[in-house]
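How can one begin to read a protein structure without being lost in its many atoms? One careful way is to take up an enclosed space and a contact between helices, and to look at each in turn.

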Amino acid sequence: MQQQIENYDFAGKKAIVRVDFNVPLNEKFEITDDTRIRAALPTLKKVLEKGGALIIMSHLGRPKGVDEKFSLKHIVKHVSEKLGTDILFAPDCMKAQDMAANLKAGEVLLLENLRFYAEEEGKPRGLAKDASDEEKAAAKKLVKESQKDFVKTLASYADCYINDAFGTAHRAHSSTALIAEYFPNDKMFGYLMEGEIKAIDNVLKNAKRPFTAIIGGSKVSSKLAVLKNLLGKVDNLIIGGGMGYTFIKAQGGKIGISLHEDELMPEALEIMKEAKEKGVNIYLSNQTVAAQEFKNEAETKVFDTHNIEDGWEGMDAGEATLEEWKKVILSSKTILWNGPVGVFEFPNFAKGTLQIAECLAEATKEGAYTLVGGGDSVAAVTQMGYASKVSYVSTGGGAMLEAIEGKELPGIAAIQK
Ligand code: AMP
């Protein structure tokens, strides 16, 4: 049975907590952005305040085996400062039995990078490129077998399990999902996970209407499942950014050299048709700011999006488009935003994305629930200073995207079932 972190009695217990400390490090191994560490602090502090001991586990980067570069020892000092207490470090996550056993209430042990072992992800490593299907299957079987011991060893360190790593909730890895089965009555989400799950439910299950989703970004192919799932849920669907041009072209528009995927035009038309059947209003861009070169200083020209001249590429949403979208956004009670509506990395083409951030802030002020989730829109809203002006900014790019696709996330399911 799932427990609630708020009420759980941690006194005298050891909690093994999966966090996402996959933080960016510079060449001197200094943390350049500690958002993920700060996000886990409420959960970690709760265990210590309630008289428990902490065993923290995480991955860092994508090592192919033991690799100094990806050692979590680089972050020990920083985590210790943030937690306000010294922390112990176990240089091998599979050999921490004694350290865990000796841990007293209020003490903290950080395990070395879980992904130094292939068993964390349960995927074979070091297979020759030309390995046969049989060899691949045998290697997979082997790692799946040893994964059982890996999970069992991690579980043996503690009395209860907390998952607070939303960033890896879409992975069925040892520490994010499989370990939960060893704690049938002592497993729970941390506060960060609770916040993310509530945010997802606020839009996908309990949305106040009208519900508008703004989906941008570069490609239809990477957002197809998102669009399809949202069709059954939203009242309005704003499709912007590079992916919008595939829809415009599919309708017979002239899009110049704008980004598009010809092979996805039938899907785009199908989405438009399905939206009509379901009574969902689709809003594409009607005016585009275009350039002839893909660079910030490029000369710009504004076009009707269905009539972009040859040699010009749509780079940002035009004023008329933004005026129309603004009306839709400000009349909504629930708003989900995923993906920039222009090439926001170039300041000269970030205006549309900035205006979307402004609209969301305004809608939030007027009482709408606003969630920014998934990859680049999170970067945009944070970079532009609007993160605190919307209802929730998700910390998990891929995980949030899969949740919006309507998929069950293994990290969430393992605790709830
Ligand atoms: P995604 O990862 O799919 O959310 O896409 C984010 C990327 O889409 C960002 O790097 C944006 O620069 C890019 N993008 C947005 N609008 C356009 C556009 N009109 N043309 C090309 N790329 C775009």
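The report that follows turns to a cavity and then to a pair of helices.

The structure shown here is a predicted model, and within it the count comes to one cavity of 30 Å³ or more. The largest cavity has a volume of about 60 Å³, and the residues that line this cavity are V19, D20, R36, A39, A40, D164, F166, G167, L192 and T395. Helix 1, which covers residues 35-49, gives the most to this lining, with three residues. When the lining of the largest cavity is sorted by class, five residues are nonpolar, two are polar and three are charged.

The second topic is the packing of helix 6 (residues 224-231) with helix 8 (residues 265-278), whose axes lie 10 Å apart and meet at an angle of about 15°. Because angles under 35 degrees count as roughly parallel, helix 6 and helix 8 are described as roughly parallel to each other. Helix 6 passes helix 8 in a left-handed crossing. On the side of helix 6 the contact is made by L224, L227, K228 and L231, while helix 8 brings E267, I271, E274, A275 and K278 to this contact.

The table sets out the residue classes in both places.

| Place | Nonpolar | Polar | Charged |
|---|---|---|---|
| Lining of the largest cavity | five residues | two residues | three residues |
| Contact of helix 6 with helix 8 | five residues | no residues | four residues |

Notes
Residues are numbered from 1 along each chain as its sequence is written. This is a predicted model: local features need pLDDT of at least 70, side-chain atom pairs count only at pLDDT 80 or more; totals for chains, interfaces and linings use all residues. Side-chain values use heavy atoms; hydrogens and water are left out. On a 1 Å grid over the protein atoms alone, a cavity is a set of points where a 1.4 Å probe fits but cannot get out, and a pocket is an open set with protein on both sides within 12 Å along at least five of seven lines; lining residues have an atom within 4 Å of a point. Grid points are joined across faces, edges and corners, and a volume is the space filled by probe spheres set on the points. Helices (H or I, at least four residues) and strands (E, at least two) are DSSP runs, numbered from the N terminus. Ala, Val, Leu, Ile, Met, Phe, Trp, Tyr, Cys and Pro count as nonpolar, Asp, Glu, Lys and Arg as charged, and the others, Gly among them, as polar. Axes are lines fitted to C-alpha atoms, for helices over the stretch in contact, and angles run from 0 to 180 degrees between N-to-C directions. Angles under 35 degrees count as roughly parallel, over 145 as roughly antiparallel, 65 to 115 as roughly perpendicular and the rest as oblique. A crossing is left-handed if the near helix is turned anticlockwise from the far one by less than a right angle, and right-handed if clockwise. Contact means heavy atoms within 4.5 Å.
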